[in-house]
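Reader: Could you walk me through the packing and the pockets here, with the reasons behind each term?

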Amino acid sequence: MAVTGSDLLVAKEFLIKGELVAIPTETVYGLAGNALNEKAVLSIFEAKNRPAFDPLIIHTDSLEKVAIYVSDIPEKARILAEKFWPGPLTMLLLKKDIVPDLVTSGLDTVAVRIPNHPLTLDLLSQLSFPLAAPSANPFGYISPTKPEHVDQQLGDRIPYILDGGECEVGIESTIVGFENDETVVYRLGGLDINEIESLIGPVVLMPHSTSDPKAPGMLKSHYAPRKPLHLYRREAITMGEADTGYLMFDRYLEGADRKYQRLLSPHRDLKEAAHNLFAYLRELDALPVTEIKAELVPAGGLGLAINDRLQRASVPA
Ligand code: TXA
Ligand code: MG
């Protein structure tokens, strides 16, 4: 098992040596390594069993540092950066040669983010390199929002988990890119696209593709629990067998055993629902149930990102 602690010096030393450290962010825990060190990057792919065609996000702590790694920051990107960084926003920008092709899977853009977590920002400010960090889960499984989630699944593969408590946002960052004057959203996430649109105008939603490596991050099956998950519109969810688990939005399913149910947000608050989503999926997965029934949440704002995760969790790997 990995050591879990909040010692920045320890985390820093492992990272400088090219080893991996799990880091807290406001979205989910990341599996971090020196993005400029190919060996470290390779070990990230290995530890996660992640296919090499799926590129990584690099994390740093200031716009000045971002400029070291990208050749151009379009005006819209600058506006978004000023408003939403540090925060749950990742931007695809043209990369400089200093960023290894391994990080971007050969693409000419690199995904960049300044995460909003005090401990990790402090760590990043002390490093002379950015951190490549995918979510710290085995490929295809639910992303971790607590240090113990990381330990349960990757604890035997990494030396240290930097403990920053529970992730506040709970779902991954929103990913946007810029193509011929259009802002394209590649992944719905913790930053509501309405907030983006109110600042820079309409965005284009990239539809889910399946396994096209040109559209990484859009794999159809992802975030999946081990138990089959079936998804229902709110009015269509009904009682299953006695050993069925339920992921409900704001109220229990009448008649079904409450110990097999989780409510994402009794207050109908989508932020709260996003915060609880992955932890509750894990809890249900760990219960002695044979299947999970989940209901879609209201489809606006963060609800779009939550439903996206539920949809992909419902596709068998
Ligand atoms: O909130 C987050 O973004 C978390 C925390 C740790 O920062 N990270 C995260 O990383 O979710 P990951 O690797 O699990 O998801 C990143 C997604 C991948 O699906 C990848 O395909 C996509 O970003 N991506 C990375 N670089 C890309 C690029 N150059 N073009 C298109 N998609 C890219
Ligand atoms: Mg991930």
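Author: Sure, starting with a definition: a nonpolar core is a set of buried Ala, Val, Leu, Ile, Met, Phe, Trp, Tyr and Cys residues joined through side-chain atoms within 4.5 Å, where buried means under 20% relative accessible area (1.4 Å probe, protein chains only). This is a predicted model, so local features need pLDDT of at least 70 and side-chain atom pairs pLDDT 80 or more, while totals for chains, interfaces and linings use all residues. Residues are numbered from 1 along each chain, and side-chain values use heavy atoms, without hydrogens and water.

Reader: What makes the largest nonpolar core, and which residues have the most contacts inside it?

Author: That core has 74 residues, and Val-66, Trp-85, Leu-89, Met-91, Ile-196 and Leu-247 have the most contacts inside it. Its largest share, eight residues, comes from helix H9 (residues 270–286); helices are DSSP runs of H or I, at least four residues, and strands are runs of E, at least two, numbered from the N terminus. Another core, of 15 residues, lies apart from that one and includes Leu-8 and Phe-129.

Reader: What does Ile-196 touch?

Author: Counting heavy atoms within 4.5 Å as contact, and leaving out residues up to four places away in sequence, Ile-196 touches Leu-80, Phe-84 and Val-203, among others.

Reader: Why is helix H7 called largely enclosed?

Author: Six of the eight residues of H7 (residues 147–154) are buried, so the rest of the structure largely encloses this helix. Among the buried ones are His-149, Val-150 and Asp-151. Their cover includes strand S1 (3–5), helix H2 (38–48) and H9.

Note on methods:
Chains are lettered from A and ligands numbered from 1 in the order in which they are written. Buried means under 20% relative accessible area, exposed over 50%, partly exposed in between (1.4 Å probe, protein chains only).
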